[in-house]
Amino acid sequence: HNIAAGCVDEEGGEQARAEKNGKVGEEEFVRFHMAPFKGWDRNVRGMRCGARNVIKWRGSGSELPVPPQQQGHRRCWLLPTSDKVAELIAEKQDCLHSFGWKLLTCEPQLVRN
């Protein structure tokens, strides 16, 4: 995995690494990861659309999340569950894309407004 220079959070964390809680069994394909953790995992899993809410990334002071390795190299979406993380995804979209995330975002200024 080639990580681009400068792909760290605003607090200057080291290289991104996977969250232990973000890993799921190999038999389950996750299409959507929601961050940060809000305690919704049971409910979003109940939707049966491949969604999880287990990544504890909140932004400041933590490393950017890396998508889980999945069979077939299919990529998954990173969806924000807070305004702060929505802004951080917009700010760090190039780095997050380079890690392999699919994102639905825009310019950071538009997210802030």
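Me: Why is K38 called partly exposed?
Reply: The relative accessible area of K38 is 37%. Buried would need a value under 20% and exposed a value over 50%, so a residue in between is called partly exposed. This is a predicted model, and the value is computed from it.

Me: Where does K38 sit, and what does K38 touch?
Reply: K38 belongs to the loop between β1 and α1. Leaving out residues up to four places away in sequence, K38 touches N53, T81 and S82. With N53, the C-alpha atoms are separated by 6.9 Å, although the two residues are 15 apart along the chain.

Me: What is special about P36, in that loop too?
Reply: P36 also lies in the loop between β1 and α1 (41-46). The peptide bond joining A35 and P36 is cis, with an omega of about 5 degrees.

Me: What makes R48 stand out?
Reply: R48 has a positive phi of about 55 degrees although it is not a glycine. The residue is placed in the loop between α1 and β2.

Me: Why is R48 called exposed?
Reply: Its relative accessible area is 77%. Exposed means over 50%, so R48 earns the word.

Me: How do you know which strands are at the edges of the sheet?
Reply: Let's start with the order. The open sheet has three strands, arranged β2-β1-β3 with parallel pairing. The edge strands are β2 (51-52) and β3, since each pairs on one side only.

Me: What makes β1 and β2 a pair?
Reply: Two bridges join these parallel strands. Pairing needs at least two bridges, so β1 and β2 qualify. In β2, F32 has A51 as its bridge partner, while H33 has R52.

Me: How many bridges link β1 with β3?
Reply: There are four bridges between β1 and β3, again in the parallel sense. The minimum for pairing is two, so these strands count as a pair as well. Here H33 stands opposite L78 in β3.

Me: What makes you say that both faces of β1 are covered?
Reply: F32 and M34 point to one side and H33 and A35 to the other, and all of them are buried.

Me: Why is W77 called partly exposed?
Reply: W77, in strand β3, has a relative accessible area of 27%. That value is not under 20% and not over 50%, so W77 is partly exposed.

Me: Which residues does W77 contact?
Reply: Setting aside neighbours within four places in sequence, W77 is in contact with R31, F32, H33, W101, K102, L103 and L104. Of these, H33 is 44 residues away along the chain, yet the C-alpha atoms of W77 and H33 are separated by 6.1 Å.

Me: Which residues of α2 are buried, and what covers them?
Reply: In helix α2 (residues 83-91), the buried residues are V85, A86, L88, I89 and A90. Their cover includes β1 (32-35), β3 (77-80), α3 (93-99) and α4 (108-112). The helix lies across β1 and β3, running at about 135 degrees to β3.

Me: Which residues have the most contacts inside the largest nonpolar core?
Reply: They are W57, L78, I89, L96 and W101, in a core of 15 residues. Helices α2 and α3 each supply at least two residues of this core. In soluble globular proteins, nonpolar side chains tend to be buried together.

Me: Why is C76 called buried but C106 partly exposed?
Reply: For C76 the relative accessible area is 1%, and for C106 the value is 30%. The cut-off for buried is under 20%, so C76 passes and C106 does not. C106 is not over 50% either, so partly exposed is the right term.

Me: How many disulfides does the structure hold?
Reply: Zero. To count, a pair of cysteine sulfur atoms would have to be within 2.5 Å.

Me: What is the overall pattern of the chain?
Reply: There are four helices and three strands, following the pattern β-α-β-β-α-α-α along the sequence. Of the 113 residues, 41% count as buried. Among contacts between residues at least 6 apart in sequence, 58% join residues at least 24 apart.

Terms used
Residues numbered from 1 in each chain as written. Predicted model: local features only at pLDDT ≥ 70, side-chain atom pairs only at ≥ 80, totals over all residues. Heavy atoms only, no water. Buried < 20%, exposed > 50% of the residue type's maximum accessible area, 1.4 Å probe, protein only. Contact = heavy atoms within 4.5 Å. Axes fitted to C-alpha atoms, helices over the stretch in contact; angles between N-to-C directions. Core = buried A, V, L, I, M, F, W, Y, C linked by side-chain atoms within 4.5 Å.
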